[in-house]
Structure formats: C-alpha cells, structure tokens
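Colleague: Please take a close look at the aromatic side chains of this model, and set out how their rings are arranged.

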Amino acid sequence: IKLTASPALAVTPTFWYMPYSLGFQVSLTTFLMLELVLGFSSNLMVLVLYCSQSNLVDSVSNMVTVNLHVLDVAVCVLCLPLTMVVVLLPPGPNLAFLCCFHEACVTFASIATAINILVISLDRYDISVRPANRLLTTRRAVLLLTAVWVTSVAVFFIPFLERGQVAPLALTLLCIGGQGYDTGVGMYYHLLLQVPIFFTTVAVMLFTYSRILRALNIRIGSHTKKSQRFRGPSATSPPALSSTAPLVTSDMEATIPMPAPMGVQASVSAIIALRRAVRRHRDRRERQRRVFRMSLIIITTFLGCWAPLSVTNMLILGIGPSDALVSLRLCFLALAYGTTVSHPLLYAFTRQKLRRALRAKVKKRVVSLLQVDPSPGGTVIHNSWVENRKTSRQVRLEASEGTDRCLGEAL
C-alpha cells in the first residue's frame, strides 16, 4: 500500500515555520519584557510624582521633561509589545499588515524620541546661556510641543502610504517569514526620514552641551575675578599690612595701652573672605565637573542606543533588506528601546525637586506603616529616619550663584 501525503498536511509545516531560532526568540523577548516592565514603571512613577505635586510642573524645563516621559509610556504600551509579537508570531496571512503596523510604530518611536531630545537640549541651552531673557517661553513651549506631537503622529502613517503602492500582499516590510521583501521605489521613505533626524539631534546635542559647559566656565572665571577685586590688596598680601608698623618701640610707648592694630583685624577679615572665596570656587568647579559628566552620559546614552539602529537603516537603504540585516535590526531596535529606562534616570531623578517629592512620598508611606493609633495602653512606634530633623545650619545662596545653581539643576 502506497501512502500519499495530503496537500493540506504538506503545507502545514511550511505555514508554521518559525523564522527565528528559539534561542533568539527567548533572549530577545526576555530583554524586551524587562525593558517594558522597568520603562513603564519608572516613567509612570515620574508622571505620578509630577501630577501629585503642582509645583513641579511650573517651568518650561519641567514641561518638556514631562512630555518625554509621556512619550516613553506610549512607546512601552504600543511599540514594545508589538515588537515581541513580531519576534514570536509565526508567518501567516496577516504578517504583511502586522509588519507594516510595526514599522509605523518604530518610525513613530524613533522620530518622536529624537525630536523630544532635541527640544530638551534647546531648552537647557536657553536656560543656561540666556537665563534672564529666555526665548522659549511657556506659550512658545506649548506650541512647540504641539508641533512635535503632530509631526510624530504624521510620520506614523508613512509606512501605510508606502504599503498602498504595492499589489502583492505576501511581501513584507522588514519582517522575516513572507515571500520576500518590498524593494520597490519609495518603499523605505520612513527609514530615509529617520537617519537625518537622528544625526541632526546628535549635532544639536553636541553644540548645546558644549555651549552650556562654556557658559559655566565663563561664569566661574568671572566670579573668581570679582572675588579677587573684592578682597583687594589687603587679601592678596596680608603681610604688607603689618610691615608698616615700627619694628622697635620705646619704653614710653610700651607703657601706653594700645588697641588692637587695624592691620591684624584686616588680615583676619581677609583670611575669612579668602577661605569663603576658595570654598565657593571649589563648589563651582565641582558643579562644572558634575555638569560635564552628566552631559557626557546623556550624549553617550543616546548615541549608544540609537546609533546602531540608524547605521543598520543606512545599510538597508544602501544594499537592500536581507534576513541577516532584518534580524540584526530587531536586536538594535531592542537596544534603542532602552532609552525608556534611561530617560527617568537622566532627566527626572536628577532634579532636586523631584527627588524631594519622592523622599516625601516614601517617608509618608513609611510613617503610615509604622505609626499606631494612640489609644489607652497602646504604643506609638517612633523612627528617627522619618522624624522631621531639625538642623541649625543655615544655607545662604548669594545672588551671583543663582545662575550656576540653575545650570546644575537643569542637568
């Protein structure tokens, strides 16, 4: 008896063919799931803190920062799960539409993230170089953020417009498992748009943060010269004040009670002023090093997350899509999603007001857990960590240091 296979059974293994290996799927899905949990929770925590404290969203800088975290939440909710579906889903009749929708989400995420980072860089440049006469006012910031969202939503539909130009629905946009890739003219305009926006954002970041460091260095130098002029010759050469006194005194002069020499008082005042100036100069230098480190970390993080994806897009535009490039692009896309985790650390929790609000929330929560309702015979648990600490130290900020503090607070 000769057995023949049914045509339906012969097609089934091909239909359920997995385009990616099991190890690739497990590792990439685990990484994407970790980014989803950490990115969504951290950005949502930042938004809750901003919404619970009305005084936090009181400036243009906070507005653009909140806008970035809203975008990160949207990326975590929309783009990350869809990328996991593309990695895990086997080929099927709806693969072409799913890949098109995925490319639309990736285009939205990459362009919207780059534009928001560009806006934040311009805002920090504005507040650092022109703190007294800012160009980015609240009204202009609202208009600018509205334009950012309109542009981000508009680029979302570009892959669908590209897809409408091709008749065969079995061809896919950068997804393995179809009957080939769309290689027609005008099928990868969304990639062509992502590359120049990325390099423009990098150029703006390098320019703005270099000017911020330069402005901080100029202010440090000007404050140092002012303190030297304030101290005068008495501060720079204390021994010269005492050199004018006579070296030998007569016995009659020794018997007359003399008040404390003016030169000694001036020398003590000059030494105190010199110590204060040195301490202020050391604080400003430390602030400058901190701003430089933060600037370097921000630029490096953006480059490390989005540069590999942009280079892969350039290769696809140059030599065309292939299975190896598409798989590599998925890995670099997962790396680019890492900015949803780094943005709260770099832009939100570096702000002193937000850290204070977070500590207040944590302390209030701990107090509510530790305190017991005082009743007859009951006890109240006291914790020194959550008690209001009374300190006698008075911190005075001079007017000349206000702008420097703004620089450190902005970064």
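**Aromatic ring pairs**

Modeller: In this predicted model, Phe207 has a relative accessibility of 42% and therefore counts as partly exposed, since that value lies between the 20% and 50% limits. Its partner is Tyr125: the two ring centres are 5.8 Å apart and the planes stand at 40 degrees, so the pair is tilted. An angle of 40 degrees is neither under 30, as stacking would require, nor over 60, as an edge-to-face arrangement would require. Tyr125 belongs to helix α4 and Phe207 to helix α7 (residues 189-236), so that the contact links distant parts of the chain, 82 residues apart. Tyr125 is likewise partly exposed, at a relative accessible area of 22%.

In total, the model contains 9 aromatic pairs. Another of them joins Phe101 and Phe156, whose ring centres are separated by 5.7 Å; the planes meet at 85 degrees, so this pair is edge-to-face. Here, too, distant parts of the chain are linked: Phe101 lies in helix α4 (residues 95-129) and Phe156 in helix α5 (residues 138-156), with their positions 55 residues apart. The two partners fall into separate accessibility classes. Phe101 is partly exposed, with a relative accessible area of 26%, whereas Phe156 has 16% and counts as buried, because this value is under 20%.

Phe101 and Phe156 also belong to one aromatic cluster, in which they are joined by Phe97, Phe157 and Phe160. Helix α4 thus appears in both descriptions, contributing Phe101 to the edge-to-face pair and Tyr125 to the tilted pair.

Methods. Residues numbered from 1 in each chain as written. Predicted model: local features only at pLDDT ≥ 70, side-chain atom pairs only at ≥ 80, totals over all residues. Heavy atoms only, no water. Phe/Tyr/Trp six-rings, centres within 6.5 Å; stacked < 30°, edge-to-face > 60°. Helix = DSSP H or I, 4+ residues; strand = E, 2+ residues; numbered from the N terminus. Buried < 20%, exposed > 50% of the residue type's maximum accessible area, 1.4 Å probe, protein only.
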